[in-house]
Amino acid sequence: MRRRLQRLNALFRQELSELIRSELRDPRLADIVSITRVDISPDLQNASVYASVLGDEQAKVSTMKALTAAAPVLRHH
């Protein structure tokens, strides 16, 4: 099961990166946002997503607010 979770984590990381790049049009998003890690729970019910933002502190804060606001849209996809 552990190998399956690793594959799913990588797949979710790639898909979320692509969705953020292509679907989100929020002006608060910084130019460079990277999904660094995804941890899916063993029961596949929850996932923790870790992001990295390149820029100053204000860009980081506004990008995280934009990603939090876009969470329902990303979950839907």
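1. Arg28 has a relative accessibility of 35%, and therefore counts as partly exposed. In this predicted model, Arg28 is paired with Asp26 in a salt bridge whose closest N and O atoms lie 2.9 Å apart. Asp26 is likewise placed in the partly exposed class, because its relative accessible area is 24%, a value that falls between the limits of 20% for buried and 50% for exposed.

2. The pair just described belongs to a set, since the structure holds 3 salt bridges. Another of them joins Glu18 to Arg21, with 2.7 Å between the closest N and O atoms. Both residues sit in helix H1, and because they are 3 residues apart there, about one helical turn separates Glu18 from Arg21. As for accessibility, Glu18 is partly exposed at 36%, whereas Arg21, with a relative accessible area of 57%, is exposed.

3. A further salt bridge links Arg37 and Asp39, and here the closest N and O atoms are 3.2 Å apart. Arg37 has a relative accessible area of 43% and is partly exposed; Asp39, at 31% relative accessibility, also counts as partly exposed. Both residue numbers fall within strand E1 (32–40), which is among the elements covering the buried residues of H2.

4. Asn9 deserves a separate remark. This residue lies in helix H1, which runs over residues 2–22, and Asn9 counts as buried because its relative accessibility is 14%, where the cut-off for buried is under 20%. Which residues does Asn9 contact, once its neighbours within four places in sequence are left aside? They are Val38, Asp39 and Ile40, so that Asp39 appears both as a contact of Asn9 and as the salt-bridge partner of Arg37.

5. Helix H2 covers residues 57–76, and its length can be checked: at 1.5 Å a residue, its 20 residues should span 28 Å, and the end C-alpha atoms are 29 Å apart, which agrees. The same helix nevertheless contains a kink of about 50° at Ala70, shortly before the proline Pro72.

6. The buried residues of H2 are Ala59, Thr63, Ala66, Leu67, Ala70, Ala71 and Leu74, a list that includes Ala70, the residue at which the kink lies. What covers these buried residues includes helix H1 together with strands E1 (32–40) and E2 (47–54).

Terms used
Residues numbered from 1 in each chain as written. Predicted model: local features only at pLDDT ≥ 70, side-chain atom pairs only at ≥ 80, totals over all residues. Heavy atoms only, no water. Helix = DSSP H or I, 4+ residues; strand = E, 2+ residues; numbered from the N terminus. Buried < 20%, exposed > 50% of the residue type's maximum accessible area, 1.4 Å probe, protein only. Contact = heavy atoms within 4.5 Å. Salt bridge = Lys/Arg side-chain N within 4 Å of Asp/Glu carboxyl O. Expected span 1.5 Å × (residues − 1). Bend = angle between axes of the 7 residues up to and from the residue.
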